[in-house]
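Reader: I'd like a close look at one part of this model, taken slowly and in one go. Could you walk me through the empty spaces and the helix packing around them?

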Amino acid sequence: MSLESTSTRPATEADDYLERRTLRRGSAGWVLLTGLGVAYVVSGDYSGWNFGLAEGGFGGLAIAMVLMGAMYACMVFALAELSSILPTAGGGYGFARRALGPWGGFLTGTAILIEYVLAPAAIVIFIGDYVESLGLFGLESGWPMYLVCFAIFLGIHLWGVGEALRFSFVVTGIAVVALIVFALAALPDFSFGSLDDIPVDASAAGSSSWLPFGLLGIWAAFPFGMWFFLGVEGVPLAAEETKEPARTLPKAIRWSMGILVVLAVVTFFAAAGARGSAAIQEAGNPLVEALQPDGRATTLSRIVNYAGLAGLVASFFSLIYAGSRQLFALSRAGYLPRFLSLTSRRKAPYLGLLVPGTIGFLLAAVTGDGARMLNIAVFGATISYALMSLSHIVLRRREPELPRPYRTPGGVLTSSVALVLACAALLATFLVDVTAALIALAVYVVALAYFGLYSRKRLVAKAPEEEFAALAAAEAELTRD
């Protein structure tokens with residue numbers, strides 16, 4: 001007999017299982033969660049997005065940014081509703097579990113996990129590059145630097161979620177203020193003529209000065225347009241550690257998205273207009289490059305450079321948090337080995353932090369290829385976006401009477417827009433990096449084999465996400481009777 005069957009399992013034993021897998025309740029309000037949502041993403045304002053200029057030019061990337069911004073906006077409104085219905089650490093996995101069944105839940109959770117394990121591994125490499133370029137204490141980028149970063153920031157997470165979120169909030173605040181300072185500093189050099197200065201490829205269909213690589217360049221720029229928002233969907237993963245989650249989560253999600261939209265527009269126009277799209281399209285540090293037209297460092301460029309490091313730290317730190325909570329939820333419900341969801345005396349999922357942290361460190365140390373790992377993370381992200389948007393549509397259609405403390409403006413039309421754009425973004429990843437997409441698919445195949453052959457028969461019925469789905473099944477059975 002096992003925890004899969006709670007009808008004959010003694011309640012005390014099932015309760016003990018969950019007691020050893022409990023997070024600290026009520027540790028975060030909407031302000032800290034808003035900071036968490038911005039922290040997931042803010043490093044993308046400092047670097048990465050500009051490579052989309054080499055794919056679509058200013059016009060192509062601008063259109064891609066608008067479309068991907070629309071995708072995220074529609075999706076987060078749908079997630080706000082879903083998180084008010086089911087405020088658990090499972091986030092997207094929990095939503096899909098109720099709407100699409102165990103396979104749908106596992107597919108979604110695995111995609112999210114790919115994103116949140118690979119992204120920190122990529123960002124820690126960028127942190128090492130920043131530290132080396134700044135000449136801080138003579139340190140060089142390499143595995144010792146990566147190890148120190150993981151050790152310090154995992155340690156803060158192990159100390160407690162309240163401390164972790166407050167640290168993230170402070171570092172994120174520094175990075176956001178520096179983006180505003182950058183925009184103001186770049187304003188005197190802004191010129192509309194600099195925006196479309198990339199040479200035109202006359203052979204590309206629909207090419208022009210604004211679309212130098214033609215209409216296809218817009219689609220190829222989708223993954224880079226995502227960098228202004230990638231990760232904001234992780235806010236619901238803090239549900240079990242939130243005060244009044246049904247009210248707090250929707251508010252934090254909406255505020256996070258609003259702030260990110262403003263930062264994306266300001267950063268994009270200021271950087272391209274101050275120096276020119278051609279000059280920053282391949283720069284590893286485009287904001288600093290925009291403030292150094294003659295290649296010489298200034299006081300402001302140094303400030304922005306240091307702030308870029310703060311932005312990378314904020315995203316690295318926050319994505320570690322998100323990955324640990326997704327792993328915790330999948331493990332607690334039995335989709336992944338159950339021991340990974342054990343929590344410490346301080347109610348931190350210590351193995352859920354240490355295991356993906358170790359994997360991330362090894363990937364960074366062995367490959368040193370941050371760009372490819374980010375592309376793999378984007379591939380996983382787009383799959384999860386499509387499945388979460390589909391989950392909203394299914395639940396609206398199948399369970400219209402389900403209590404919804406918050407309702408998505410536009411209903412299924414909003415989530416349908418997110419679904420279509422997410423599928424388009426998924427296909428666009430093959431235009432950018434076929435190898436990364438195939439690696440992500442290979443990871444998926446291995447994960448699905450594990451689930452199909454082993455863990456799907458060993459799910460824990462008392463896990464919150466599973467109980468929520470079981471309740472839906474029971475209600476449907478009563479309706480049929």
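How much space lies in the largest pocket? Please start there and work outwards.

Author: Happy to. Keep in mind that this is a predicted model. The largest pocket holds about 500 Å³ of space. Its lining takes in 20 residues, and nearest the centre you'll find Leu-113, Ile-114, Val-117, Ile-359 and Val-443. Three helices, α5, α14 and α17 (434–453), each put at least two residues into that lining. The top contributor is α5, with six residues. As for character, 19 of the lining residues are nonpolar, one is polar and none is charged.

So much for the pocket itself; now for two of the helices that line it. The axes of α5 and α17 come within 11 Å of each other and cross at roughly 140°. That angle makes the pair oblique, because only angles over 145 degrees count as roughly antiparallel. The crossing of α5 and α17 is right-handed. On the α5 side, the contact is made by Pro-102, Trp-103, Phe-106, Leu-107, Thr-108, Thr-110, Ala-111 and Ile-114. Facing them from α17 are Ala-440, Val-443, Tyr-444, Ala-447, Leu-448, Phe-451 and Gly-452. Sorted by class, this contact has twelve nonpolar residues, three polar ones and no charged ones. Two names should ring a bell: Ile-114 and Val-443 take part in this contact, and both are also among the residues nearest the centre of the largest pocket.

Stay with α17 for a moment, as it has another partner in α15 (370–398). Here the axes are 8 Å apart and the packing angle is about 60°, which makes α15 oblique to α17. This crossing is right-handed too. From α15 come Arg-372, Asn-375, Ile-376, Phe-379 and Ile-383, and they meet Thr-435, Ala-436, Ala-437, Ile-439, Ala-440, Leu-441 and Tyr-444 of α17. The classes come out as nine nonpolar, two polar and one charged. Ala-440 and Tyr-444 are worth marking on your display: they touch α15 here, and they also belong to the contact with α5.

That brings us to the second largest pocket, where α15 turns up again. Its volume is about 300 Å³. Of its 16 lining residues, Gly-48, Phe-51, Phe-126, Trp-227 and Ala-371 are the closest to the centre. The helices α4 (53–85), α5 and α15 each supply at least two residues to the lining, and α5 gives the largest share with three. The mix of classes is eight nonpolar, five polar and three charged residues.

Next come the closed spaces. There are four cavities of 30 Å³ or more. The largest of them has a volume of about 180 Å³, and among its 15 lining residues the closest to the centre are Ser-43, Gly-44, Ile-123, Leu-230 and Leu-374. At least two lining residues come from each of α2 (30–41), α3 (43–46), α5 (92–134) and α13 (299–332). Ten of the lining residues are nonpolar, five are polar and none is charged.

The second largest cavity contains about 70 Å³ of space. Going along the chain, its lining is made of Tyr-116, Val-117, Pro-120, Phe-150, Leu-154, Ile-320, Gly-323, Ser-324, Leu-353, Pro-356, Gly-357 and Gly-360. Two or more of these come from each of α5, α6 (143–159), α13 and α14 (350–367), and α14 has the largest share, four residues. Eight of the residues are nonpolar, four are polar and none is charged. Val-117 has a double role: it lines this cavity and also sits among the residues nearest the centre of the largest pocket.

One last packing pair belongs with that cavity, α5 with α6. Their axes are 9 Å apart and the angle is about 120°, with a right-handed crossing. Pro-120, Val-124, Ile-125, Ile-127, Gly-128 and Val-131 of α5 meet Met-145, Tyr-146, Cys-149 and Phe-150 of α6. Nine of the contact residues are nonpolar, one is polar and none is charged. If you want a spot to zoom in on, try Pro-120 and Phe-150: they are part of this helix contact, and both also line the second largest cavity.

Note on methods
Residues are numbered from 1 along each chain as its sequence is written. This is a predicted model: local features need pLDDT of at least 70, side-chain atom pairs count only at pLDDT 80 or more; totals for chains, interfaces and linings use all residues. Side-chain values use heavy atoms; hydrogens and water are left out. On a 1 Å grid over the protein atoms alone, a cavity is a set of points where a 1.4 Å probe fits but cannot get out, and a pocket is an open set with protein on both sides within 12 Å along at least five of seven lines; lining residues have an atom within 4 Å of a point. Grid points are joined across faces, edges and corners, and a volume is the space filled by probe spheres set on the points. Ala, Val, Leu, Ile, Met, Phe, Trp, Tyr, Cys and Pro count as nonpolar, Asp, Glu, Lys and Arg as charged, and the others, Gly among them, as polar. Axes are lines fitted to C-alpha atoms, for helices over the stretch in contact, and angles run from 0 to 180 degrees between N-to-C directions. Angles under 35 degrees count as roughly parallel, over 145 as roughly antiparallel, 65 to 115 as roughly perpendicular and the rest as oblique. A crossing is left-handed if the near helix is turned anticlockwise from the far one by less than a right angle, and right-handed if clockwise. Contact means heavy atoms within 4.5 Å.
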